[in-house]
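Trainee: Please take one part of this protein and go through it closely, then set it against the whole chain.

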Amino acid sequence: MFTRLQRTYQFYGQRPPEFLLTHPVTESRIADSLNRASQMPRPQHSTTGIEFSLIKARMDVQFADSADAALRVFRNALEANATAYNRYGLMLAAIANNDFPLAERTRTEMPASLRQHPYVELSRAEALLKSERPADAEAATRNLLSLYPGSRPVRSLHARALRSNGKLNEALR
């Protein structure tokens, strides 16, 4: 970027921006900035963590051609490989298909560590709301709220559950 700026101002005779007048783009500055950048540690992007897998499953269900297609894909995938991604994906696909018994059965068959993950618990509360069980959804979100009081998704879902229960004043808080 700095090299491109230097070339632009050198050949076209344009006046550089004000901030560059006090800090001109010189060859040594460009070399120094490139040297510093090369010595910085590379960012660690993990595509193997549980959060990545769960979010990927949510996106795959959300952007599937249809809820039925997502259900078929995750059902087949879970039979072949019982990963957190496939389990959570099947749960979400079942919710999208309004197959709440399958969603709950899939959740209860998850290992405890996955079943207790906040994303899974939020999805369960969403399923309770969607299945017109607002009292159960309110209880689930109240529990999540005690664990994650600063979580915006939890607060938002809790407000939806309260609203569904007719507790509008409490939902506004």
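Mentor: What follows is a look at one helix, its cover and its setting. The model is predicted, so local features need pLDDT of at least 70 and side-chain atom pairs count only at pLDDT 80 or more, while totals for chains, interfaces and linings use all residues. Residues are numbered from 1 along each chain as its sequence is written, and side-chain values use heavy atoms, with hydrogens and water left out.

The protein has 12 helices and zero strands; helices (H or I, at least four residues) and strands (E, at least two) are DSSP runs, numbered from the N terminus. Helix 6 covers residues 84–96, 13 in number, and spans 18 Å from its first C-alpha to its last, close to the 18 Å expected at 1.5 Å a residue (1.5 Å times one less than the number of residues).

Of those 13 residues, 10 are buried, that is, under 20% relative accessible area, where exposed is over 50% and partly exposed lies in between (1.4 Å probe, protein chains only). The buried residues include Arg 87, Tyr 88, Leu 90, Met 91 and Ile 95. Their cover includes helix 4 (50–62), helix 5 (67–80), helix 7 (100–108), helix 8 (112–115) and helix 9 (118–130). Just after helix 6, Asn 98 has a positive phi of about 60 degrees.

Helix 4 also holds Ile 55, which counts as partly exposed because its relative accessibility is 43%. For the protein as a whole, 31% of the 173 residues count as buried. Among contacts (heavy atoms within 4.5 Å) with a separation of 6 or more, 48% join residues 24 or more positions apart.
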